[in-house]
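Dear colleague,

Please find below the structure we discussed handing over to you. My findings follow it.

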Amino acid sequence: MSEETGQIRSNYLTVRDQIDARVKLVHREPGSVKLVVVTKGQPVEKMQALIDSGARWIGENYPEETAEKLSALHDIQNIEWHMIGHIQSRKIKYLVQHFDVVESVESLETAQKLNSRFEDAKRKIKILLEVNVSGEATKQGFDLVNRKDWGRFVDYVGEIETLPALDLVGLMTIPPLGDDAETSRAYFRLLREVLEYVNLHKHGRALSELSMGTSFDYLVAVEEGATIVRVGEAIMGARHYS
Ligand SMILES: *Cc1c(COP(=O)(O)O)cnc(C)c1O
């Protein structure tokens, strides 16, 4: 085992143990948090070390990059691939071919486009809706900073749930970068409140997934109810771009 390989394994196991310990500390159900390891900008050797360490969920931002890496990786039958980056229409074909969950559905239009491409391919795909909880103009997603917009969001959820190729399971957010992890707590709480509001007002099955927390603040996210955390550099080391 090379030094780099050993480092990734040890980082992965450490982060996983920390999550398990925090889940226990706040009296959540054991195993209720999925650790999605984010591998954008990482070489395949490091990704293979991650997979060999037992990682089951991998997050990528650029589907074309993912497609290139996939042919060089082995033992990936049990990996669930999560798309977490901005969705470009002309890259949707890679999503259809290679991904299991799309976390970054940022608008009704994007949902409709995804639906028609997955329908064409006779595939169904799990999705999350990306929510902008800070109002930052640079952030993608449904802007839900003002509670008066939540009612309309429930209508969007209802509409998206009628799209036959999509299986809507939850919400995802990227909070603004703060000075420390505690700064994220209020944003994570807001996302959880949106989920509770939607479930109270929507018809049909409740949404269950909350994807929030990165290398910087994943333990705070676990405390606030994350069911998915997306951790990159804390496990994989620095990437070639960000
Ligand atoms: C890159 C990325 C992450 C991981 O960030 P790290 O700081 O490397 O943990 C998580 N979520 C999204 C949406 C990302 O683009």
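A residue is called buried when its relative accessible area is under 20%. The model is a predicted one, and in it both faces of strand β9 (residues 228–231) are covered. Ile 228 and Arg 230 on one side are buried, as are Val 229 and Val 231 on the other.

Strand β9 is joined to strand β1 (residues 34–38) by four bridges, and the two strands run parallel. Within this pairing, Val 37 has Val 231 of β9 as its bridge partner.

Arg 230 is also one of the residues touched by Thr 173. Thr 173 belongs to strand β7 (residues 166–173), and it counts as buried because its relative accessibility is 0%. Leaving out residues up to four places away in sequence, the other contacts of Thr 173 are Val 131, Val 133, Leu 191, Ser 211 and Met 212.

As to the interior, the largest nonpolar core comprises 67 residues. Val 229 of β9 is among those with the most contacts inside this core, together with Ile 19, Leu 114, Ile 127, Leu 129 and Phe 153. Helix α7 (residues 182–201) supplies the largest share of the core, namely six residues. Another core, of eight residues, lies apart from this one and includes Val 36, Val 101, Val 169 and Met 172.

Phe 153 itself is in contact with Leu 129, Val 131, Phe 142, Leu 144, Leu 171, Val 194 and Val 198, with neighbours within four places in sequence set aside. Val 131 is thus listed for Phe 153 and also for Thr 173.

Yours sincerely

Technical notes
Residues numbered from 1 in each chain as written. Predicted model: local features only at pLDDT ≥ 70, side-chain atom pairs only at ≥ 80, totals over all residues. Heavy atoms only, no water. Buried < 20%, exposed > 50% of the residue type's maximum accessible area, 1.4 Å probe, protein only. Contact = heavy atoms within 4.5 Å. Pairing = 2+ DSSP bridges. Core = buried A, V, L, I, M, F, W, Y, C linked by side-chain atoms within 4.5 Å.
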